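Work through the exercises below with the structure in view. Try each task before you read its solution.

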Amino acid sequence: MLLLLTFVLTLMSLSEGNFASATAITMSNIARPGCLTQCGNLTVQYPFGIGKGCSLDESFDLTCNLTYKPPKLFIGSGNIEIYSISDSEMRIYNRVAYKCYKASGNVTDELDAWTNLENTPFTFSQKNKFTVIGCDDFALIGGTTGAEFTSGCLGACSNANDVPDDGYCSGIGCCQTAIPKGLKFYQTTVLTIDNHTAVQSFNPCGLAFLGEEDSFQFGGARDLYNATEFYDRTIASVPVVVDWVIGGNSSCAQANTECKGNSFCSDADIGGYRCSCNKGYEGNPYLDPGCQGQIFNFKIKLYIH
């Protein structure tokens, strides 16, 4: 019995020691030496980097703005705020276009919305949908995918009671349409059919935005009536999903890949490629020494007779 217990404890000790080693290695190669790994509550891993010389190249440079409490992370030195980053995507904060009217039909306030990812390794994911909110509104979205792109959507209804409140965007007061693969720039403008003269009492504004389909839920007539609340909620809770790759338009076969030890290369369907750790390894596949610390899981059944 004592010999068996000693054997079990030895295996557990080896397993725990191996895990600790893997964890230490994983933590040590998040970023280049001397570079920040945190901005507020976000962890920044290479090939991204905060500050000059900390990323794979300038297109992966990020800025941590410490004037915000907590600090906020931005793409490059621009004003595109990052909500989260994963190994293939990032989520950025939304921009909502709108146009509001008096009962007479005169415009009281309006704003176009746009985001530009050209000259970056980022494209807008097809997990996003272009959405129009309103009962007398249509909106156009135009942009570039390597070629020019234009589409639009129409929201229409004549009575607040006709608008469903089941959370779905079905075309009555809320319209959605897909975007093409590879979109890198878009701009949207909200237009109207009859200046809201027949619907202004329950729908004073039309709105349009690009955002993650799964994060959005239509609130029915409530969203039509209170444009300010809808705007604030959408900005806060509906991010824009962005795909990222390395290698430009090169495939794994064409490129001298950046994939480091114990990792493999995968072609991305939007062009370029990504690196991933081999099964059983952890770490950063883009940064030396690559993925390390294979972890063994021991399952031991102890039978006492």
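Buried means under 20% relative accessible area, exposed means over 50%, and partly exposed lies in between. Keep in mind that this is a predicted model.

**Exercise 1. Classify both partners of the salt bridge between Glu-229 and Arg-222 as buried, partly exposed or exposed.**

Step 1. Start with the pair. The side chains of Arg-222 and Glu-229 meet in a salt bridge, 2.7 Å from N to O.
Step 2. Arg-222 has a relative accessible area of 45%, so Arg-222 is partly exposed.
Step 3. Glu-229 has 35%, so Glu-229 is partly exposed too.

**Exercise 2. Do the same for the partners of Lys-52 and Lys-72.**

Step 1. Lys-52 forms a salt bridge with Asp-61, at 4.0 Å from N to O.
Step 2. Lys-52 has 69% relative accessibility, so Lys-52 counts as exposed. Asp-61 has 11%, so Asp-61 counts as buried.
Step 3. Lys-72 pairs with Glu-81, and their closest N and O atoms are 3.9 Å apart.
Step 4. Lys-72 is partly exposed at 28%. Glu-81 counts as buried at 17%.
Step 5. Now look at the whole model. The count of salt bridges comes to nine. A network of them links Glu-89, Arg-91, Lys-127 and Glu-212.

**Exercise 3. Find the largest nonpolar core, and say which strand gives the most to it.**

Step 1. The largest nonpolar core has 43 residues. Leu-73, Ile-92, Phe-122 and Phe-124 have the most contacts inside it.
Step 2. The strand that gives the most to this core is β18, residues 240-244, with three residues.
Step 3. Another core lies apart from it, with 19 residues. Among them are Phe-202, Phe-218, Phe-230 and Val-238.
Step 4. Return to Phe-124. Leaving out residues up to four places away in sequence, Phe-124 touches residues including Ile-92, Thr-115, Tyr-186 and Val-241.
Step 5. Place this in context. In soluble globular proteins, nonpolar side chains tend to be buried together.

**Exercise 4. Work out the strand order of the open sheet and name its edge strands.**

Step 1. Four strands form the sheet, in the order β10-β16-β13-β14. The pairing is antiparallel.
Step 2. The edge strands are β10 (113-116) and β14 (148-156), and each pairs on one side only.
Step 3. On average, neighbouring strands of this sheet are turned by 15° against each other, direction ignored.
Step 4. Take one pairing. Strand β16 (residues 185-192) runs antiparallel to β10, and four bridges join them. Thr-115 stands opposite Tyr-186 in β16.

**Exercise 5. Decide why the pair of Phe-209 and Phe-216 is edge-to-face.**

Step 1. The model has 13 aromatic pairs. In this one, the ring centres of Phe-209 and Phe-216 are 5.5 Å apart, and the planes stand at 70°.
Step 2. Planes over 60 degrees apart count as edge-to-face, so that is the class.
Step 3. Phe-209 counts as buried at 0% relative accessibility, and Phe-216 counts as buried at 11%.

**Exercise 6. What does the pair of Trp-244 and Tyr-286 tie together?**

Step 1. Trp-244 and Tyr-286 form a tilted pair, 6.1 Å centre to centre with 50° between the planes.
Step 2. Trp-244 lies in strand β18, and Tyr-286 lies in the loop between β21 (282-283) and β22 (291-292). The pair therefore ties together parts that are 42 residues apart in sequence.
Step 3. Trp-244 is buried at 2%. Tyr-286 counts as buried at 6%.
Step 4. Phe-48, Phe-60 and Phe-122 join these two residues in one aromatic cluster.

Definitions and conventions
Residues numbered from 1 in each chain as written. Predicted model: local features only at pLDDT ≥ 70, side-chain atom pairs only at ≥ 80, totals over all residues. Heavy atoms only, no water. Core = buried A, V, L, I, M, F, W, Y, C linked by side-chain atoms within 4.5 Å. Buried < 20%, exposed > 50% of the residue type's maximum accessible area, 1.4 Å probe, protein only. Helix = DSSP H or I, 4+ residues; strand = E, 2+ residues; numbered from the N terminus. Contact = heavy atoms within 4.5 Å. Pairing = 2+ DSSP bridges. Axes fitted to C-alpha atoms, helices over the stretch in contact; angles between N-to-C directions. Phe/Tyr/Trp six-rings, centres within 6.5 Å; stacked < 30°, edge-to-face > 60°.
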